Amino acid sequence: MTDQTTDTTPGPARPPRATRISLMVSDVDGTLVTPDKLVAPATVEAVRRLHAAGVAFAAVSSRPPRGMKILIEPLELEIFGGFNGSSIVHADYSPVEQHFVPLEAAHLAVDTMRARGADIWVFADNEWYIENPDSQYVPREIRTVQFQPTLVTSFGDHIGRAGKIVGSSSDFDMLAACETELQALLGDRASARRSQHYYLDVTAPVVDKGYAVRAFAGYFGVPLNEVAVIGDMANDLPMFANAGLAIAMGNATDAVKALADHVTTTNAEDGIANAIDRFVLPLAAGRS
């Protein structure tokens, strides 16, 4: 699939507060799955209630699309997004659109994060490439995405087709500082955002989770002020800016909670199911 840029304009100012919900869009890790990376039965049942009430449901994650397989069947996903919205696909993984990190920006990101001591991963060509198999977070990522990485001595030409480049580190303060520094260096050539305290993700320019919200809304024919979104990390804030209703998880950062319309319980306490029942279903499009 070639790199498509069907809409590279920034999103509009946040839509008016929702009085009706026709679509819900969820983050995945920290939100849609439990701390054990599972889809809770309560979540499955709550999403079924959404569908029954006439509300469409989609998900977007920093994960590669291949790493979202466990969500498709239980949540009846028709469309979803990986790489923070850089790759939007149908349930059979056929691409709706795909965006890559520009080559010059990719090299700059790798060099900058590597110089700060981060382990570098490249997600490209439907694979996950690593240089250090002893990286602290490799086992965690295997458990998350449910497939094995490919060990390489060099990223080679894969870097020219990267949907996402990740710097992983247990030095959270370093990674936070690197996020600010790297985004300043990249400018409008790519996006650098932490998806977890230990992951700094570099993805295609302009394309973020807010872009994914707009793409899903267009797909389902839903105005943005009828979209509810839910998340827990800073890379979810572009969703908040593109939706009529923004919900933060109980385990969200304080910065995310401060910008939400509502805060639900944590992902260890059926937070998304509680949010659906308390905040979304009362505004469901199918209700009279």
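This note goes through the cavities, pockets and charged pairs of a predicted model.

1. Basis. The model is predicted, so local features need pLDDT of at least 70 and side-chain atom pairs count only at pLDDT 80 or more, whereas totals for chains, interfaces and linings use all residues. Residues are numbered from 1 along each chain as its sequence is written, and side-chain values use heavy atoms, with hydrogens and water left out.

2. Cavities. Four cavities of 30 Å³ or more turn up in a search of the whole structure. A cavity is a set of points, on a 1 Å grid over the protein atoms alone, where a 1.4 Å probe fits but cannot get out; lining residues have an atom within 4 Å of a point. A volume is the space filled by probe spheres set on the points, with grid points joined across faces, edges and corners. By that reckoning the largest cavity has about 90 Å³.

3. Lining of the largest cavity. Residues around this cavity include D29, K37, R63, R140, E141, K164 and Q196. Two elements, α4 (138–145) and β10 (191–196), give two or more residues to the lining, and α4 gives the most, with three. Helices (H or I, at least four residues) and strands (E, at least two) are DSSP runs numbered from the N terminus. Six lining residues are charged, four polar and two nonpolar. In this count Asp, Glu, Lys and Arg are charged; Ala, Val, Leu, Ile, Met, Phe, Trp, Tyr, Cys and Pro are nonpolar; the others, Gly among them, are polar.

4. A charged pair at the cavity. D29 and K37, both in the lining of the largest cavity, form a salt bridge with their closest N and O atoms 3.0 Å apart. A salt bridge is a side-chain nitrogen of Lys or Arg within 4 Å of a carboxyl oxygen of Asp or Glu. Both residues are buried, where buried means under 20% relative accessible area, exposed over 50%, and partly exposed in between (1.4 Å probe, protein chains only).

5. Other salt bridges. The whole structure has 16 salt bridges. E131 and R114 meet at 2.7 Å, N to O; this pair links distant parts of the chain, with E131 in the loop between β7 (127–130) and α4 and R114 in helix α3, 17 residues apart. E131 is partly exposed at 28% relative accessible area, and R114 is partly exposed at 38%. E179 and R194 meet at 2.6 Å, N to O, and they too link distant parts of the chain: E179 is in helix α5 (residues 172–186) and R194 in strand β10, 15 residues apart. E179 is buried, at 13%. A network of salt bridges links R14, R17 and D261.

6. Pockets. A pocket is an open set of grid points with protein on both sides within 12 Å along at least five of seven lines. The largest pocket has a volume of about 290 Å³; it is lined by 18 residues, with P65, F83, S87, Q98 and N126 closest to its centre. β4 (87–90), β5 and β6 (119–124) each supply at least two lining residues. The lining divides into 10 nonpolar, four polar and four charged residues.

7. Second largest pocket. This pocket holds about 200 Å³ of space. Of its 15 lining residues, G30, Q196, Y198, D232 and N251 lie nearest the centre. Seven lining residues are polar, four nonpolar and four charged.
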